[in-house]
Amino acid sequence: MTRSRLLALVAIFALGSVAITATRTDQAPSSPKPPGANYKSPAFTFNKIADGVYHAVGTGSLVVMSNATIIEGDRDVLVVDSHVSPGGAWALREELKAITPKPIRWVVNSHYHFDHSHGNQIYGPEVEIIGHEFARAQILAGKSQDSPAREFFVGGVPATITALEGRLAAATDEKTRTQIQDQLAIQRNHLEGTNAVKPTPPTMTLTQKMTLHRGGREIQVLFLGRGHTAGDVVVYLPKERVVATGDLLVNGTSYMGDAFFTEWIQTIEVLKGLDFETVLPGHGAAFTGKSKLDHWQAYLRDFWEQAQKFHKAGTPWEEAAKLVDLRGQAANYPAIRAAGITPNHAMRRAYEILDGKIK
């Protein structure tokens, strides 16, 4: 995951799908709100992928960080991923009422990372939260809250707020002041929401496969192998030929601080074996076809080969993270413009694996 990719989450993508946006109002939908749910709606654009299937992408009015996939059954709804905070999950649940009256009864955590699971707490006992056994264990152990990834992507929010407050105090143009005030409100709300997180693990777990039959809809939850983490699952709709991939495959480069690099390449190969046409990633726009799977495998191979060379040469991992040159992948990942990888967690992880610290 990169900062540039996070910024891309605020864009509204069509890519051949139909976009449905909840009715705009001056305030968020009315019902008891958790901390971090003060925003100017809509928080999401619901891109229609197939009948009863939507890709929910953040608009930027509320920091949600990850996308969600919405799957309607005959009586209820399954949601893939619950965002970065209880406020984000609450906003999705409220805005979804404009799309369907059916209640959310199932939530799948594609993996344990904070930006995909920290909205779990808003769901009551009537909702089953599904995830891999590894994801449940990590959340119970506090690993979703206490991690280098969360510190990198969320830890800087107080400093961002301070900087915005300084800019606001110095601004004299009314238009500029209004823009800064809006940004400040979003970031203050983001901080309030993330501070209110009570990590809540899946209530139903799998190791390999789970299938739900909701009327005529078959929903498969699949573990295809280790990759982005040791417990990523994808949600596959065989009839609709749609797969929601979380961070196992995104529209861009994925965060690699908890990765299993060589296994990830093989897991993507297994993913290729599914009969799908549309991918709903955890970050970025939905896309069609399988070419991006090849691109990500090439990126992983390039990174891993360079990491091994740096390790063998005795280069400290911090320096290797500055030297690794992935510009050969820029044709498929145009955000790559210079040597180095940010955050540097991927190289540290590579060295831990090469040193035998990670099995």
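Start by selecting Arg 217. In this predicted model, Arg 217 is buried, with a relative accessible area of 11%. That value is under 20%, so the residue counts as buried.

Now add Glu 240. Its side chain forms a salt bridge with Arg 217, and the closest N and O atoms are 2.6 Å apart. The two residues sit 23 apart in the chain, and the pair links distant parts of it. Arg 217 lies in strand S10 (residues 217-222), while Glu 240 is in the loop between strand S11 (234-237) and strand S12 (242-246). Glu 240 is partly exposed, at 21% relative accessible area.

Next, select Lys 97 and Glu 94. They form a salt bridge too, with the closest N and O atoms 3.1 Å apart. Which partner is buried and which is exposed? Lys 97 is exposed, at 53%. Glu 94 is buried, at 8%. Add Arg 93: Arg 93, Glu 94 and Lys 97 are linked in a network of salt bridges.

Move on to Asp 325 and Arg 327. Their side chains meet in a salt bridge of 2.8 Å, N to O. Asp 325 is partly exposed at 29%, and Arg 327 is partly exposed at 42%.

Now zoom out. The whole structure holds 14 salt bridges. The protein has eleven helices and 14 strands. Its radius of gyration is 20 Å, close to the 21 Å that the globule rule gives for 359 residues, so the protein is as compact as a globular protein of that length. Buried residues make up 55% of the 359. Last, colour by charge: the mean positions of the 38 positive and 36 negative charges are 1 Å apart.

Conventions
Residues numbered from 1 in each chain as written. Predicted model: local features only at pLDDT ≥ 70, side-chain atom pairs only at ≥ 80, totals over all residues. Heavy atoms only, no water. Helix = DSSP H or I, 4+ residues; strand = E, 2+ residues; numbered from the N terminus. Rg over C-alpha atoms; globule rule 2.2 N^0.38 Å. Buried < 20%, exposed > 50% of the residue type's maximum accessible area, 1.4 Å probe, protein only. Lys, Arg positive; Asp, Glu negative; His and termini not counted. Charge placed at Lys NZ, Arg CZ, Asp CG, Glu CD. Salt bridge = Lys/Arg side-chain N within 4 Å of Asp/Glu carboxyl O.
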